[in-house]
Amino acid sequence: CTPGNYQPNTGQSSCIDASPGHFVNTTGSTTQSPCTPGNFQSAPGQTYCIQATPGHYVDILGSAEQIPCSVGKYMPGTGASECTEASAGNYVDSEGQSSQSLCPAGTYQPQKAQASCLESSPGNYTNFDGATSQVECPAGTFQSSPGQTSCENSQPGNYSAPGSSSPTPCPSGTYSEFAGQSQCTPADPGSYVDFDG
């Protein structure tokens with residue numbers, strides 16, 4: 001029998017093609033060999049196996065096909081027997097990917113192996129790619145919209161506590177002369193403030 005063929009029995013008039021998922025790389029073989037994990041062979045009668053391509057894996061012996069990495073996982077190299085989970089701050093949103101993607105600014109992802117990122121929530125922001133957590137707006141600022149990269153200063157007549165999603169008007173009896181204040185100032189002796197904001 002030539003390479004790619006084998007014959008386990010005596011008295012035969014022909015050889016048998018190696019099955020898909022197997023190979024024969026010697027002359028006169030009585031057995032075929034299974035492709036090892038990380039390799040596959042889709043055609044019969046072959047002398048070698050093929051390494052799994054980037055974005056794919058083979059996790060069993062004798063496979064006739066490679067498997068695309070699932071959503072949330074990727075594989076940059078060849079011959080893999082498993083895929084790599086996307087790391088925190090990254091995502092993989094489709095099958096068969098060879099790389100992970102950074103969560104863009106305005107989003108974050110605290111967990112591994114995810115298909116998407118989370119928008120920063122009102123009162124928070126993320127100002128760089130690949131964030132694993134959102135950042136609370138500091139005192140004196142606010143953010144009313146999700147998915148933002150910065151916070152806004154509270155306007156005069158208002159104040160903002162840390163993590164505010166909107167500014168708060170200074171209550172009557174107090175005032176705020178400047179933007180970006182974390183608290184209001186009480187009216188001075190001899191003065192009064194008779195309305196909010």
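So, a disulfide, for our purposes, is a pair of cysteine sulfur atoms within 2.5 Å. Keep that in mind, because we'll be using that cut-off for the links in this protein. One caution before we start: what you have in front of you is a predicted model.

Okay, overall picture. The protein has 0 helices and 22 strands. Its radius of gyration is 32 Å, well over the 16 Å that the globule rule gives for 197 residues, so the protein is more spread out than a compact globule. You can see that in the C-alpha trace too, which spans about 120 × 15 × 15 Å along its principal axes.

What about burial and surface? Of the 197 residues, 29% count as buried. The exposed area comes to about 10600 Å², and carbon and sulfur atoms supply 47% of that. As for contacts, take the ones with a separation of 6 or more: residues 24 or more positions apart account for 34% of them.

Now, back to the cysteines. How many disulfides does the structure hold? There are 6. And how do they pair up? Number the bonded cysteines in sequence order, and you get 1-2, 3-4, 5-6, 7-8, 9-10, 11-12.

Let me walk you through some of them, starting with Cys 35 and Cys 49. Their disulfide has an S to S distance of 2.0 Å, and with -85 degrees about the S-S bond, the link is left-handed. The pair links distant parts of the chain, 14 residues apart: Cys 35 sits in the loop between β4 (33-34) and β5 (39-40), and Cys 49 in the loop between β5 and β6 (50-51). Are these two buried or exposed? Cys 35 has 0% relative accessibility, so this one counts as buried. Cys 49, at 22%, is partly exposed.

Further along the chain, Cys 137 and Cys 151 form another disulfide, with sulfur atoms 2.0 Å apart. This link is left-handed as well, at -80 degrees about the S-S bond. Cys 137 is in the loop between β16 (135-136) and β17 (141-142), and Cys 151 is in the loop between β17 and β18 (152-153), so the disulfide ties together parts that are 14 residues apart in sequence. Cys 137 has a relative accessible area of 1%, so we call Cys 137 buried.

Then there's Cys 170 with Cys 184. Again the sulfur atoms are 2.0 Å apart, and the angle about the S-S bond is -85 degrees, which makes the link left-handed. Where do the two ends sit? Cys 170 lies in the loop between β20 (168-169) and β21 (174-175), and Cys 184 in the loop between β21 and β22 (185-186), so parts 14 residues apart in sequence get tied together. Cys 170 is buried, at 0% relative accessible area. Cys 184 comes in at 16%, and because buried means under 20%, Cys 184 counts as buried too.

Last stop, the core. In soluble globular proteins, nonpolar side chains tend to be buried together. Which residues make up the largest nonpolar core here? It has 5 residues in all: Tyr 57, Cys 69, Met 75, Ala 80 and Cys 83. Take a look at Cys 69 in particular. Leaving aside residues up to four places away in sequence, Cys 69 touches Tyr 57, Met 75 and Cys 83 among others, and its contacts also include Gly 55, His 56, Tyr 74, Glu 95, Gly 96 and Gln 97.

Methods:
Residues numbered from 1 in each chain as written. Predicted model: local features only at pLDDT ≥ 70, side-chain atom pairs only at ≥ 80, totals over all residues. Heavy atoms only, no water. Core = buried A, V, L, I, M, F, W, Y, C linked by side-chain atoms within 4.5 Å. Buried < 20%, exposed > 50% of the residue type's maximum accessible area, 1.4 Å probe, protein only. Contact = heavy atoms within 4.5 Å. Helix = DSSP H or I, 4+ residues; strand = E, 2+ residues; numbered from the N terminus. Rg over C-alpha atoms; globule rule 2.2 N^0.38 Å. Areas by Shrake-Rupley, 256 points an atom, 1.4 Å probe, with all protein chains shown as cover.
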